[in-house]
Structures are given as structure tokens and as C-alpha cells.
Amino acid sequence: MYPMSLLLKDTFDSIGRVKRVKAQTLIIAAEYDKVIGRKHTENLIRAFSAAQIKVEIIQNAGHNTLSADKRYSLLLREFI
């Protein structure tokens, strides 16, 4: 309904920063994220080396419901 490209001025160049990340990395994504499109998530995942990254997709979750899923906090605890 609104021209988001005109309203959102902040850009988040996560992919451009990947090379500076030296730590093991966990990406937790929502299966039905309508805020961060799947294409963007997949591009970020591909920017990391396979040995450096662990990816988990929370089934039946959206962008705003992801952290409410019990598996979310379990994944964080296991990773840390």
C-alpha cells in the first residue's frame, strides 16, 4: 500500500560484513518470514563458508513469532 523504498532509509549490508566475521555463526530463520524474504536469507547463508555456519529454520513461524517458538531458545542455548 505504501512505497516502502521511500519510507525505509536504513540499509543493512549483512552480506558485506560476512568476511569480517571470524566466529562460528548461527542463523535462525522463520519458515514464513514476510519481513526478510527467503532470497535474502539464502544469499546471507551462501556468503558464509559451510564450515563456519549452522542454519536452522523454525517451521510454522513468522518474523514476529520466531522468538516465541520453544525451539528458538533451545537452539540459542545449544549454540552458545
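Start with Leu66: leaving out residues up to four places away in sequence, Leu66 touches Ile28, Ala29, Ala30, Ile58, Ala61 and Tyr72. Keep in mind that this is a predicted model.

Several of those names come back in the largest nonpolar core, which has seven residues in all: Leu26, Ile28, Ala30, Ile58, Ala61, Leu66 and Leu75. Which element gives this core its largest share? That would be strand 1, with three residues.

**The whole chain**

Let's zoom out. The chain has four helices and two strands, and along the sequence they come in the pattern α-α-β-α-β-α. Picture the C-alpha atoms filling a box of roughly 40 × 30 × 15 Å, taken along the principal axes. Of the 80 residues in the chain, 22% are buried. The accessible surface comes to about 6600 Å², and 57% of that belongs to carbon and sulfur atoms.

How do contacts link up the sequence? Take the contacts between residues at least 6 apart: 74% of them join residues at least 24 apart.

**Three residues to look up**

Here are three residues you can find in the structure, each with its element and its relative accessible area.

| Residue | Element | Relative accessible area |
|---|---|---|
| Thr25 | strand 1 (residues 25-30) | 14%, buried |
| Phe79 | helix 4 (residues 70-79) | 34%, partly exposed |
| Ile15 | helix 2 (residues 14-17) | 41%, partly exposed |

Why does Thr25 count as buried? Because its relative accessibility is 14%, and buried means under 20%. The side chain of Thr25 reaches the backbone oxygen of Ala23 at 3.1 Å. If you skip its neighbours within four places in sequence, Thr25 is in contact with Phe48, Gln52, Ile53, Lys54 and Phe79.

That last partner, Phe79, sits in helix 4. At 34% relative accessible area, Phe79 is partly exposed, so it falls between the 20% and 50% cut-offs. Phe79 also belongs to a nonpolar patch on the surface, together with Leu76 and Ile80. How much accessible area do these patch residues have together? The answer is about 310 Å².

Now hop over to Ile15 in helix 2. Ile15 is partly exposed too, with a relative accessible area of 41%. Not counting residues up to four places away in sequence, Ile15 touches Asn43, Leu44 and Ala47. You can also check a distance here: Ile15 and Ser49 are 34 residues apart along the chain, and their C-alpha atoms are separated by 12 Å.

Conventions:
Residues numbered from 1 in each chain as written. Predicted model: local features only at pLDDT ≥ 70, side-chain atom pairs only at ≥ 80, totals over all residues. Heavy atoms only, no water. Buried < 20%, exposed > 50% of the residue type's maximum accessible area, 1.4 Å probe, protein only. Polar contact = N/O pair within 3.5 Å; in protein donor to acceptor, adjacent residues only side chain to side chain. Contact = heavy atoms within 4.5 Å. Patch = residues over 30% accessible without salt bridge, like charges linked within 9 Å, V, L, I, M, F, W, Y side chains within 5 Å. Areas by Shrake-Rupley, 256 points an atom, 1.4 Å probe, with all protein chains shown as cover. Salt bridge = Lys/Arg side-chain N within 4 Å of Asp/Glu carboxyl O. Core = buried A, V, L, I, M, F, W, Y, C linked by side-chain atoms within 4.5 Å.
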